[in-house]
Each structure stands twice: as C-alpha cells, then as structure tokens.
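Biologist: I'd like a close look at one small part of this chain, and then a walk outwards from there. Could you take it slowly, since I'm new to this?

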Amino acid sequence: MSSVVQSPYTREQIVAWLRGLLTVAWADGNFDEEEQNMITTLTQEELAPKTDLGSLEPISPGDLAIELGTNPATADNFLRTAVMVSLADGIYTKSEDIVLRQFADALGRKPKTLDAVSYTHL
C-alpha cells in the first residue's frame with residue numbers, strides 16, 4: 001500500500017522553490033550530476049513528483065521571496081535544501097555562496113549554516 005503525502009506548499013511555491021534550487025546549482029556555471037540527482041530526489045520524492053525540471057528557468061531573489069511568501073519556516077526549509085544542493089557535488093563555490101546569501105537576504109533570513117559552509121568555498 002502506498003501513500004501520497006500532501007505538500008503544505010502551493011504549486012506556485014513549489015515551482016519557485018525548484019527554480020531557486022536550479023539557480024543555486026547553475027550559480028557556478030556547472031550543473032553537476034550530483035546536483036541534478038539531489039534536485040531530482042527532492043522533486044520526485046518530496047515536492048512535485050510530476051514536474052519537468054527542463055522547463056524551469058532561474059529565479060531572482062526578489063521573485064523567490066514573493067512566491068515563497070513570508071512564512072519563516074518555508075524560507076528556512078527552502079534555504080536548507082538550497083544548501084544541500086550547493087554541497088551535493090562536494091564543492092561549495094563563491095558564486096553559490098553569493099546566490100544563497102542573496103536568497104537569504106530576500107527571504108529575510110540569516111541562517112548560521114551559510115556562515116559555517118562559507119569557510120569551505122573555493
């Protein structure tokens with residue numbers, strides 16, 4: 001017996017979330033296989049099982065903030081998954097750090113995780 005988990009997020013939030021993850025993955029100009037797998041896993045298992053990632057475009061920090069809304073838990077959950085994507089290939093780059101910090105600022109969040117991982121970027 002399989003069960004379907006109802007997402008607490010709207011379709012618009014999920015699309016913005018995925019666009020944000022893709023923006024982070026492409027920040028260094030290289031969408032690695034590990035990043036692709038991480039996003040696919042999150043997409044297929046948790047957020048939106050039937051979403052075609054190939055049709056998504058990058059998103060600006062302002063648009064991400066508008067689409068995700070003002071709930072701090074939503075912002076924190078997005079940032080947590082975005083950090084996971086940035087670390088998926090084992091290399092945390094300066095360009096990924098910049099995008100993550102722009103997203104955090106737009107979302108009104110100051111995650112300590114970014115300070116910790118910023119020491120590892122190239």
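Does threonine 74 count as buried or exposed, and why?

Modeller: Happy to, and keep in mind that this is a predicted model. Threonine 74 counts as buried, because its relative accessibility is 7% and the cut-off for buried is under 20%. You'll find threonine 74 in helix H4, which runs over residues 72-87. Leaving out residues up to four places away in sequence, threonine 74 touches Tyr9, Gln13, Trp17 and Leu68.

Those neighbours give us a way into the rest of the chain. Gln13 and Trp17 belong to the H1 side of a contact between H1 and H3, and Leu68 belongs to the H3 side. Helix H1 covers residues 11-26 and helix H3 covers residues 61-68; the two pack at an angle of about 150°, with axes 8 Å apart. That angle makes H1 roughly antiparallel to H3, because anything over 145 degrees counts that way. As for handedness, H1 and H3 make a left-handed crossing. The full set of contact residues is Glu12, Gln13, Ala16, Trp17 and Gly20 from H1, with Leu64, Glu67 and Leu68 from H3. Sort the residues of this H1 and H3 contact by class and you get four nonpolar, two polar and two charged.

H1 also packs against H5, again at an angle of about 150° and with the axes 8 Å apart. So H1 is roughly antiparallel to H5 as well. Here H1 uses Gly20, Thr23 and Val24, while H5 brings Glu96, Val99, Leu100 and Phe103. The class split for H1 with H5 is four nonpolar, two polar and one charged.

Now back to H4, the home of threonine 74. H4 packs with H5 too, at an angle of about 175° and with the axes 11 Å apart. The pair H4 and H5 is therefore roughly antiparallel. On the H4 side the contact is made by Phe78, Leu79, Ala82, Val83 and Ser86, and on the H5 side by Glu96, Leu100, Phe103 and Ala104. By class, this contact of H4 with H5 has seven nonpolar, one polar and one charged residues.

Some of these names come back when you look at the core. The largest nonpolar core has 31 residues, and those with the most contacts inside it are Leu21, Ile39, Leu64, Phe78, Leu100, Phe103 and Leu107. Two or more residues each come from H1, H2, H3, H4, H5 and H6. H1 gives the largest share, eight residues. In soluble globular proteins, nonpolar side chains tend to be buried together. Take leucine 107 as an example: not counting residues up to four places away in sequence, it touches Leu64, Ala65, Leu68, Ala75, Phe78 and Leu79.

There's one more threonine to compare. Threonine 93 sits in the loop between H4 and H5, and it counts as buried because its relative accessibility is 13%. Threonine 93 and valine 117 are 24 residues apart in sequence, yet their C-alpha atoms are 9.9 Å apart in space.

Finally, step back to the chain as a whole. It has six helices and zero strands, and 41% of its 122 residues count as buried. Among contacts between residues at least 6 apart in sequence, 76% join residues at least 24 apart.

Terms used:
Residues are numbered from 1 along each chain as its sequence is written. This is a predicted model: local features need pLDDT of at least 70, side-chain atom pairs count only at pLDDT 80 or more; totals for chains, interfaces and linings use all residues. Side-chain values use heavy atoms; hydrogens and water are left out. Axes are lines fitted to C-alpha atoms, for helices over the stretch in contact, and angles run from 0 to 180 degrees between N-to-C directions. Helices (H or I, at least four residues) and strands (E, at least two) are DSSP runs, numbered from the N terminus. Angles under 35 degrees count as roughly parallel, over 145 as roughly antiparallel, 65 to 115 as roughly perpendicular and the rest as oblique. A crossing is left-handed if the near helix is turned anticlockwise from the far one by less than a right angle, and right-handed if clockwise. Contact means heavy atoms within 4.5 Å. Ala, Val, Leu, Ile, Met, Phe, Trp, Tyr, Cys and Pro count as nonpolar, Asp, Glu, Lys and Arg as charged, and the others, Gly among them, as polar. A nonpolar core is a set of buried Ala, Val, Leu, Ile, Met, Phe, Trp, Tyr and Cys residues joined through side-chain atoms within 4.5 Å. Buried means under 20% relative accessible area, exposed over 50%, partly exposed in between (1.4 Å probe, protein chains only).
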